[in-house]
Amino acid sequence: QVQVVESGGGLVQTGGSLRLSCAAVGSTFRLISIGWWRQAPGKSREFVANIGRDGTPNYGDPAKGRFTISADNTNNTAHLQMTRLTPEGTAGYYCNTEGSTGRGSTYRHHAVWGQGTQVTVSA
């Protein structure tokens, strides 16, 4: 079974930085992409960033010019380096992974969410 393990959330002051990490754990799991979404109370879940197996990153509006996503495909791990954080960045951050298992008749596509890690940015 695939498990998603998230870390790196916490409390930071405005202008500070945090580094979130996400690992998709499973010996037979072949990574397709890993990404981050965020959700604040009373708001919809927003796309932050993701990265494909080929290393191509994609960024949503919250990340543009401030965040960088990178991947370690060997370990099915991605890191989101967040800089210049502001209070509007306060939210739960959720890792979304896509991957595959099996081949031929046993091939299966997976999309798995982590339980989230809290980021709080103080004014």
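## A tour of strands and rings

Start by selecting strand β3 (residues 18-25) and strand β8 (residues 77-82): the two run antiparallel, with six bridges joining them. Strands here are DSSP runs (E, at least two residues) numbered from the N terminus, and two of them count as paired once DSSP finds at least two bridges between them.

Before you click further: this is a predicted model, so local features need pLDDT of at least 70 and side-chain atom pairs pLDDT 80 or more, while totals for chains, interfaces and linings use all residues. Numbering starts from 1 along each chain as its sequence is written, and side-chain values use heavy atoms, with hydrogens and water left out.

**Stop 1: the open sheet**

Keep β3 and β8 on screen and pick out Cys-22, whose bridge partner in β8 is Ala-78. Now add β1 and β7 to the selection. What order do the four strands take in the open sheet? Reading across, you get β1-β3-β8-β7, with antiparallel pairing. The edges belong to β1 (3-7) and β7 (67-72); each has a single partner strand, so one side of each has no neighbour in the sheet.

Stay on β8 and select His-79, which sits in that strand. Is His-79 buried or exposed? Buried, with a relative accessible area of 17% (buried means under 20%, exposed over 50%, partly exposed in between, with a 1.4 Å probe and protein chains only). Then add Ser-7 and draw a C-alpha to C-alpha distance from His-79: you should read 9.6 Å, for two residues that are 72 apart in sequence.

**Stop 2: two loops with positive phi**

Now step off either end of β8. On one side, select Asn-76, in the loop between β7 and β8. Check its backbone: phi is positive, about 50 degrees, although Asn-76 is not a glycine. Asn-76 is also buried, at 9% relative accessible area.

On the other side, go to Arg-84, in the loop between β8 and β9. Here too phi is positive in a residue other than glycine, this time near 55 degrees. Which way does Arg-84 go, buried or exposed? Exposed, with a relative accessible area of 52%.

**Stop 3: a hairpin**

Carry on along the chain to β9 (residues 91-101) and β10. These two run antiparallel and are joined by six bridges. For one rung of that ladder, select Ser-100, whose bridge partner in β10 is His-109. Together β9 and β10 make a hairpin with six residues between them. While you are in the turn, click Gly-102, which has a positive phi of about 70 degrees.

**Stop 4: the aromatic rings**

Hide the backbone for a moment and show the aromatic side chains. How many aromatic pairs does a search of the whole structure find? Two. The rule is that rings of Phe, Tyr and Trp (its six-membered ring) pair if their centres lie within 6.5 Å; planes under 30 degrees apart are stacked, over 60 edge-to-face, and the rest tilted.

Select Trp-37 and Phe-47: this pair is edge-to-face, at 5.4 Å centre to centre with 65 degrees between the planes. Bring the cartoon back and you'll find Trp-37 in strand β4 (residues 30-39) and Phe-47 in strand β5 (residues 46-52), so the pair ties together parts ten residues apart in sequence. Turn on a surface as well: Trp-37 is partly exposed at 27% relative accessible area, and Phe-47 is partly exposed at 24%.

Now swap Phe-47 for Trp-113. The ring centres of Trp-37 and Trp-113 are 6.2 Å apart and the planes stand at 65 degrees, so this pair is edge-to-face. With Trp-37 in β4 and Trp-113 in β10, the pair ties together parts 76 residues apart in sequence. Trp-113 counts as partly exposed, at 40% relative accessibility. Select Trp-37, Phe-47 and Trp-113 together, and you have one aromatic cluster.

**Last stop: back along β4**

Return to β4 and click Arg-30, which has its place in this strand. Arg-30 is partly exposed, with a relative accessible area of 25%. Finish with one more C-alpha distance, from Arg-30 to Val-2: these residues are 28 apart along the chain, and their C-alpha atoms are separated by 10 Å.
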